[in-house]
Amino acid sequence: MASNGIKDQVAIVGMGCTAFGEHWDRDASDMLIEAATSAYESAGVDQDDVDAYWLGTFGSGISGMLFSEALKTNNKPVTRLENMCATGSEAIRNAAYAVASGAYDLVMAVGVEKLKDGGYSGLVIPGPDGDGTESSMTAPAMFSLLGPAYCEKYGVEEGELKDVLTRIAWKNHVAGAKNPKAQFRKEVSLEAINDSPRIAGMFGVFDCSGVADGSAAAILCRAEDAHKYTDHPIYLKAFSVVAGTNEGFLSGDYDFTTFQEVVASAQDAYKQAGITNPREQISMAEVHDCFTATELVLMEDMGFSERGEGWRDVMEGRFDGDGAQPVNPDGGLKSFGHPIGASGLRMMYEMWLQLRGEAGERQIDNPTTGLTHNLGGQPGRCVSFVSIVGNEVG
Amino acid sequence: MSGILDYGSYVPYYRLARAAIGGGRGERAVASYDEDSVSMAVEAGREAKRVFDSNNNGAIDTLIFATTSPPYVEKLNAAAIASALDLPASIRSMELGGNTRMGLAGLLLGVDLGAAGKTSLICTSDVVIGGPGGARERDSGDAAVAFVTGPGDQAIAKVLGQASSTTEVLDVWRLPGDQFARQWEERFGIQILGPVSLDTAQRALTDAGVAPEELATVILDATNKRDVAGIPRALGLKPEQVADMMAGNLGRCGAAHAGLILANTLDTARPGDKILLLSTADGCDAVVLEVTDKINSGRPQRSVQHWIDSGDNGLVYNTYLKWRGILPFEPPRRPDPDRPSAPIMKRHERWKYSFCGSRCESCGQGHLPPARVCVKCNSVDKMKEERFADEPCKVTTFTLDHLAYSLQPPVISSVVDFEVGGRMACELTDADPAQVKIGNQLEMTFRRLYTGQGVHNYFWKARPQR
């Protein structure tokens, strides 16, 4: 048994990302074309230079042909993959492992999602046929189970926790306001967030991430080849994915204040990357803030905060754009929007900009190491992805 | 000799105050949006079967379901009831319908089968819908009742005599596809069915060898109460002999009504009490019963009065009309629920209907739904089946989901833990969202979650203990 990782063996040498939002005027293929061609341009390569593709989409198409037909790739392998909200991240991970294996020299990981054509509120998760006994909980309802459980366990008053959640939403809107590609580019007052109509449990509309269309792409090669394409590659230091067993919904031991899959994947990734003190060693993180309470719990699951102390760190501004450990400096799912298959790549796009000092108004001071994280599913029953990236080898 | 071995009743949680409809006193019982005649029959059937099982009376041979509101007009509704009650696949089953007399007719059929040595479970249930503003809407109710009948030595009530009449008459009728029944001029039905009812009652008493003055209780049920209004005077009954038909707090609950009033009578009856029970619709059935000294062992845990006392009469009329499909409404911006798949329902029948999970024989971990590989110790195929339907549970955590599709938003989504060990995510029903708290005691209830693309989707929910 081993999770050896591929630390510093593979680098990202070019990226592209569309604006996220309600793209009534564009098909998934239009967004793929924009993300892919801007990634080619960023790496200074032609389409024919790319040997293979990994396409992540949750439900905006089937098979690799969603990409190959849009971009007219000639006789190239395109693998479509899906792992719920970790779909885009899985595209990067699988593409990176293919490069590390030596099978290909230059590959693309690309993700896309078109969510706004369905006409529904919130996310609609198409499932296989069932027996009609599955829980009918919507995504906000699933994640809202975290709130009362957190309050109960750590003796936080519900009103106090609501303020913490509101501050997380506020912080991510402040960041999104500085991001030209974000879905929501306006700061929102604490009061407006707090008073927004209830969706589920303690969550109002502003506690939920944006439902958006979008696409992002990355070009990867072996680390030793990286400087052929760019002076400032970013190096992939760890990938971990954990798929849960649904233990949280079977066993009375689970208390809805953590994601055990996240804890396990973070520990695995830290080991691969050689990180022993994530609170100090990780400069910044893009985490899966599908709902505000998710981001709070993730701070503890990632080891950025002590158990039961995450809410204090939030209120003290530790995770603000100018805080000690910025989290979601690009606005996160909350204000950048969450086109499922593209989100993991969008997170990596922010790492690409920040680690190269290209993040403009929201640039963090000299970041060296970043973390991206996705989770798909719900508290007690999810898949979790963690990656560690850096701008130096070693 | 044959008789009733035990019984159970069920009155749904919601009541519609007649004042909310625009007139009249009292209230009517209302099946919730997630109930129908099948789900309510299961609730009453569970009550009766629990008593039957605790008395070790052997096995049930036959299931009879009677209703005028079958969820499927073709497809045996009784099969879903049998599965939800965890009755054996070898059971004989049949369904009676066509008018409200079939509830009592089913009970008498069960009694006749008892004389032949068979043990029967008769579940009778109805959701009665009337056109808005009409008497049928105002005066009807929704409820269910169940009886186990069998050979007489263990009976809590023996049959002393019975009589029947069949009358071809256009009194109350409903065409296939019609939402509401129609009724001919009331006075016509009274003049035809009044004498038929009295004659049937008198023949039943003669058959039983019982004089009217010996009767402790007389239960007079009819599609139109005036059909039987002359009987007390004709038989020389005292007012205290005539049963309260619960028009004020239930309404007439279709095919279930005669049985429900009998159940209410048995709830407080004493050994030796003689009861005349009569139901009139397109003719009449009448039976004379004598309560035996076994009565205490055949009573269910919850009386009719208990069900009536635990309810919510704050239902808004618009909501009622929406639940019954009478009033169109603005749909949520969410997809319609998918119909469940027939093969998957069949494969998972023990879970979906019988509510059987599994328990790991290696480490004791409970699994809902049943699993083959243990989530704790990873043992493979070391599971034994376990039915959780009658196991109490409590709220571990919950949320109010304002986004999910429901006819009664917000959906109360909950994670529940069973006292015997085992956890599941399930919806709470018959609950006030403002009253739900972590730690609330719950019990499971069989419901129709929704109907998608012409398929009724039945499963279990949890409700606060009633």
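In this predicted model, helix α8 of chain A, spanning residues 260-273, lies across three strands of the same chain, namely β8 (234-243), β10 (369-378) and β11 (381-390), and runs at about 150° to β8(A). These strands belong to an open sheet of nine strands with mixed pairing, whose order in chain A reads β3-β2-β4-β7-β1-β8-β11-β10-β9. The edges of this sheet are formed by β3 (78-81) and β9 (284-286) of chain A, and because each of them has a single partner strand, one side of each is left without a neighbour in the sheet. Across the sheet, neighbouring strands are turned against each other by 25° on average, with direction ignored.

A second helix of chain A, α1 (residues 28-43), also packs on the sheet, where it touches β1 (10-17), β4 (106-113) and β7 (214-222) of chain A, its direction making about 130° with that of β1(A).

Strands of a sheet pair through backbone hydrogen bonds, in either the parallel or the antiparallel sense. In chain A, strand β2 (residues 52-56) and β3(A) pair in the parallel sense, over four bridges, and L55(A) stands opposite R80(A) in β3(A).

Turning from the sheet to the contact between chains, 33 residues of chain A are in contact with 35 residues of chain B. On the side of chain A that touches chain B, the elements α4 (139-144), α5 (146-154) and β5 (198-200) of chain A each supply at least two residues, and the composition of that side, by class, is 13 nonpolar, 15 polar and five charged residues.

Technical notes
Residues numbered from 1 in each chain as written. Chains lettered and ligands numbered in written order. Predicted model: local features only at pLDDT ≥ 70, side-chain atom pairs only at ≥ 80, totals over all residues. Contact = placed C-beta atoms within 7 Å. Nonpolar A, V, L, I, M, F, W, Y, C, P; charged D, E, K, R; others polar. Pairing = 2+ DSSP bridges. Axes fitted to C-alpha atoms, helices over the stretch in contact; angles between N-to-C directions.
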